[in-house]
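I opened the notebook with the model on screen. These entries record what I looked up, topic by topic.

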2 protein chains.
Amino acid sequence: MTAKGEARVRETIDALAQALRDKDTDTLMTHYAPDVVTFDVVPPLRVDGAEAYRRNFETWFASVRGPIDYEVRDLRIACDDHLAVCHHVARVRSTRTMGAKSDYEVRVTSVLQMREGRWLVTHEHISMPVDMQTMQAASGAGH
Amino acid sequence: MTAKGEARVRETIDALAQALRDKDTDTLMTHYAPDVVTFDVVPPLRVDGAEAYRRNFETWFASVRGPIDYEVRDLRIACDDHLAVCHHVARVRSTRTMGAKSDYEVRVTSVLQMREGRWLVTHEHISMPVDMQTMQAASGAGH
C-alpha cells in the first residue's frame, strides 16, 4: 500500500466523478472493466458487464438537463498492489428534463483492480438506505 | 492473490453468515474492525465504528422470532495480500416477533483487511435497489 498507488486510485475516482458531471458516457466507461459487476441504486438487483451498466448511465443522463452537480464527500481509499477499494457519500443535484430539481445522497463503494498497468473498476455498489417498515428510501439531502 | 488467502476470506464470510443465522451478536462482531465504516440497508446514510454497527444487528435480531434463514448467492471474492473484497446477493427469510413472514433480497459488499494475521471487515455496504420515481425499494423475492 504505497502513497503513489493511492494517488493513482484517487485520480481514477476524480476522473469518474468528472465524467459523471459532464455526462460523458464514453470517457466514463473507459474506467470500467468489461466484466464489472454492479449493484446499482436502481433495479435490477445486479447488473453484469460494462455494456449493461453503460445503459444505466445513458438512461440517467438522458433524464437530466445540463450538467450533474456530483459532490464527493468523505472519500476513503484502501489499496494493495493489485486491488483497491474506495467509498464515499455523493450528493447529487440536477435539473430533470421536465424542469424539476433533484437533490439526493447516495453511498458509493468502488472496487478497482490493476489490469495491464491501469486501475479499472471491477465492482461498484451504489445505494440509498431504506426504511424497512415503509420500504421507502431515505434520500438524504432533498428531492 | 493466493488460493490459500482466498480460502481464509471465504471462511470469514461463512462464519459471518452463520453468526447471522444464529443471531449471535458476540461471535458476529469478532469479525469486524473497531473502525469499520458501514453503509447499512437501513438509515442513517453511514455508520461509523463497530459499536454503532452492533446496535443495528441487535435491533434487527430483536425483531425476529427464531433463526434467520440467510442464503448466500453468487459469492465473488478478490484478494490481495492485505486487502480482500467479497460481494454476494443474500436472500433473507425470517418470522417477525409479531408472526409476519419476511422474505427479501439484499446486495452485500464486504471489504476485509489483514490485521495482526486475521481478516477483519473494515467496510460493509448492504442495500436494496430503489425505484427513483416512487422512491420505493424493490425487495426482490418477497415481503
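**Loops and backbone**

I started in a loop: A:Pro44 sits between strand 1 and strand 2 of chain A. The model is predicted, and I read it as such throughout. I looked up the peptide bond that joins A:Pro43 and A:Pro44. It is cis, with omega about 5 degrees.

I then turned to the other copy. B:Pro44 is in the loop between strand 1 (32–39) and strand 2 (47–48) of chain B. The bond from B:Pro43 to B:Pro44 is cis, and its omega is near 5 degrees.

Next I went to the loop between strand 5 and strand 6 of chain A, where A:Glu116 is found. I noted its phi, near 50 degrees. That is a positive value in a residue other than glycine.

**Sheet of chain A**

In what order do the strands of the open sheet in chain A run? I read 2-1-6-5-4-3, six strands with mixed pairing. Strand 2 (47–48) and strand 3 of chain A stand at the edges. Each has a single partner strand, so one side of each is left without a neighbour in the sheet.

I checked one parallel pairing. Strand 1 and strand 6 of chain A run parallel and are joined by four bridges. I also noted a facing pair: A:Phe39 is opposite A:His125, which belongs to strand 6 of chain A.

**Sheet of chain B**

I repeated the lookup in chain B. I found an open sheet of six strands, ordered 2-1-6-5-4-3, again with mixed pairing. Its edge strands are strand 2 and strand 3 (64–79) of chain B, and each pairs on one side only.

I followed strand 4 of chain B to its partners. Strand 4 (residues 83–96) and strand 5 (residues 101–115) of chain B run antiparallel, with 13 bridges between them. Strand 3 and strand 4 of chain B are also antiparallel, over 11 bridges. I counted three residues between strand 3 and strand 4 of chain B, which form a hairpin.

B:Val92 turned up twice. It stands opposite B:Tyr104 in strand 5 of chain B. It is also the bridge partner, in strand 4 of chain B, of B:Tyr70.

**Relation of the two copies**

How many degrees of turn lay chain A on chain B? I read 180 degrees, with a shift of 0.0 Å along the axis and an RMSD of 0.0 Å. The two copies are thus related as by a two-fold rotation axis. I looked for the C-alpha of chain A nearest that axis, and it belongs to A:Gln136, 2.3 Å away. I then compared the contact residues. The same surface serves both copies, since 100% of those in chain A recur in chain B.

**The interface**

I took the size next. Chain A gives 45 residues to the contact and chain B gives 45 residues. Between them the chains bury about 3800 Å². Carbon and sulfur atoms carry 65% of that area.

Which residues of chain A lose the most area to chain B? I listed A:Leu45, A:Arg107 and A:Met132. Together they make up 18% of what that side buries.

I went on to the polar side of the contact. I found two salt bridges between chain A and chain B. One entry I wrote out pairs A:Arg46 with B:Asp74, whose closest N and O atoms are 3.7 Å apart. I also counted 23 residue pairs in polar contact between the chains, both residues at pLDDT 80 or more.

Then I asked which strands supply the side of chain A that touches chain B. Seven ranges fit, each with at least two residues: strand 1 (32–39), strand 3 (64–79), strand 4 (83–96), strand 5 (101–115), strand 6 (118–127), strand 7 (130–131) and strand 8 (136–137) of chain A. Strand 5 of chain A gives the most, with seven residues.

My last lookup was the make-up of that side of chain A. I recorded 24 nonpolar, 11 polar and 10 charged residues.

Key: Residues are numbered from 1 along each chain as its sequence is written. Chains are lettered from A and ligands numbered from 1 in the order in which they are written. This is a predicted model: local features need pLDDT of at least 70, side-chain atom pairs count only at pLDDT 80 or more; totals for chains, interfaces and linings use all residues. Side-chain values use heavy atoms; hydrogens and water are left out. Copies are superposed by least squares on the C-alpha atoms of residues with pLDDT of at least 70 in both. Contact means heavy atoms within 4.5 Å. Buried area is the accessible area (1.4 Å probe) that two parts lose on being put together, summed over both. A salt bridge is a side-chain nitrogen of Lys or Arg within 4 Å of a carboxyl oxygen of Asp or Glu. A polar contact is a pair of N or O atoms within 3.5 Å; within protein, one must be able to donate a hydrogen and the other to accept it, and residues adjacent in sequence count only if both atoms are side-chain atoms. Ala, Val, Leu, Ile, Met, Phe, Trp, Tyr, Cys and Pro count as nonpolar, Asp, Glu, Lys and Arg as charged, and the others, Gly among them, as polar. Two strands pair if DSSP finds at least two bridges between them.
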